Amino acid sequence: MQIKNAVILIGLSMLCACTASQRSVDDFDIKVEDKFQTQIKGDGIKLFTYKIKYATLPTLAQPHPQRIRQIERQQGRSNNAVPDLSNWTQQIELGLEKTITMTGYCRDGFIELSRIIEMGRGEIRGECNEGASTEDIDKFIQ
């Protein structure tokens, strides 16, 4: 089992409004760090894991993320509010889309196997629709 890691820093920001047009990294302004791990099985199945998180740690001027989550949970208990993760989800999906395009890993799309999205971090696991070619093996297995 071979895994190749690639770490990419993308400058993205929260999407201000929903539009029908193509999304762009210019629509986002939050600095994130992402990791794209690939795995090609012996039978040619191509798997990947895409992980993303906020790139910057909180400063003294910003509240600590755990305290923010605690406040959100307390507020959620009082009014049953669920945090809106739609913009963050769009940012994660765009990051994955751009990473797959840049690497050329899944040429014919992919099937999503699992997804975990929380404020400040996310992970999407998937399997490419096509099997590994000789070029894929040369490029993604070291």
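A disulfide is a pair of cysteine sulfur atoms within 2.5 Å, and in this predicted model C106 and C128 form such a link, with an S to S distance of 2.0 Å. The structure holds one disulfide, alongside seven salt bridges found in a search of the whole structure. The protein chain has 142 residues, of which 32% count as buried, and its secondary structure comprises three helices and five strands.

**Overall architecture**

- Read from the N terminus, the elements of the protein chain follow the order β-β-β-α-α-β-β-α.
- Among contacts in the protein chain with a separation of 6 or more, 61% are made by residues 24 or more positions apart.
- The protein chain exposes about 9,100 Å², and carbon and sulfur atoms supply 52% of that area.

**The disulfide**

- The link of C106 and C128 is left-handed, with -65 degrees about the S-S bond.
- C106 lies in the loop between α2 and β4, whereas C128 belongs to strand β5, so the disulfide ties together parts that are 22 residues apart in sequence.
- Both C106 and C128 are buried, and the cut-off behind that word is a relative accessible area under 20%.

**Strand pairing**

- Strand β2 (residues 31-40) pairs with strand β3 (residues 46-54) in the antiparallel sense over nine bridges, and within this pairing I40 has K46 in β3 as its bridge partner.
- The hairpin of β2 and β3 has five residues between the strands, and G44 there takes a positive phi near 90 degrees.
- β3 also runs antiparallel to β5, to which seven bridges join it; Y50, for example, has I124 in β5 as its bridge partner.
- β4 and strand β5 (residues 121-128) pair in the antiparallel sense over eight bridges, with S114 standing opposite R125 in β5.
- Two residues lie between β4 and β5 in their hairpin, where G120 in the turn has a positive phi of about 95 degrees.
- β5 therefore takes part in two of the pairings described here, being joined to β3 by seven bridges and to β4 by eight, and it also carries C128 of the disulfide.

**Helix α2**

- Helix α2 has 18 residues and reaches 26 Å from its first C-alpha to its last, which is close to the 26 Å expected at 1.5 Å a residue.
- The buried residues of α2 include W88, I92, L96 and T103, and in an α-helix residues three or four places apart point the same way, because there are 3.6 residues a turn.
- Also buried in α2 are, among others, T89, Q90, Q91, L94, G95, T99 and I100.
- E97 is likewise placed in helix α2 but counts as partly exposed, at 32% relative accessibility.
- The C-alpha atoms of E97 and G109 are separated by 9.7 Å, although the two residues are twelve residues apart along the chain.
- G104 follows α2 and has a positive phi, near 70 degrees.

**Salt bridges**

- Side chains of opposite charge can pair when their charged atoms come close.
- R115 and E93 meet through their side chains in a salt bridge of 2.8 Å, N to O; this pair links distant parts of the chain, with R115 in strand β4 (residues 110-118) and E93 in helix α2 (residues 86-103), 22 residues apart.
- R115 is partly exposed, with a relative accessible area of 34%, and E93 is also classed as partly exposed, at 26% relative accessibility.
- R115 makes a further salt bridge with E112, again at 2.8 Å from N to O, and E112 is partly exposed with a relative accessible area of 36%.
- R121 forms a salt bridge with E118, their closest N and O atoms being 2.8 Å apart; R121 is partly exposed at 41% relative accessibility, and E118 is partly exposed at 37%.
- A network of salt bridges links K46, R107, E130 and D136, and K46 is also the bridge partner of I40 in the pairing of β2 and β3.

Terms used. Residues numbered from 1 in each chain as written. Predicted model: local features only at pLDDT ≥ 70, side-chain atom pairs only at ≥ 80, totals over all residues. Heavy atoms only, no water. Salt bridge = Lys/Arg side-chain N within 4 Å of Asp/Glu carboxyl O. Helix = DSSP H or I, 4+ residues; strand = E, 2+ residues; numbered from the N terminus. Buried < 20%, exposed > 50% of the residue type's maximum accessible area, 1.4 Å probe, protein only. Pairing = 2+ DSSP bridges. Expected span 1.5 Å × (residues − 1). Contact = heavy atoms within 4.5 Å. Areas by Shrake-Rupley, 256 points an atom, 1.4 Å probe, with all protein chains shown as cover.
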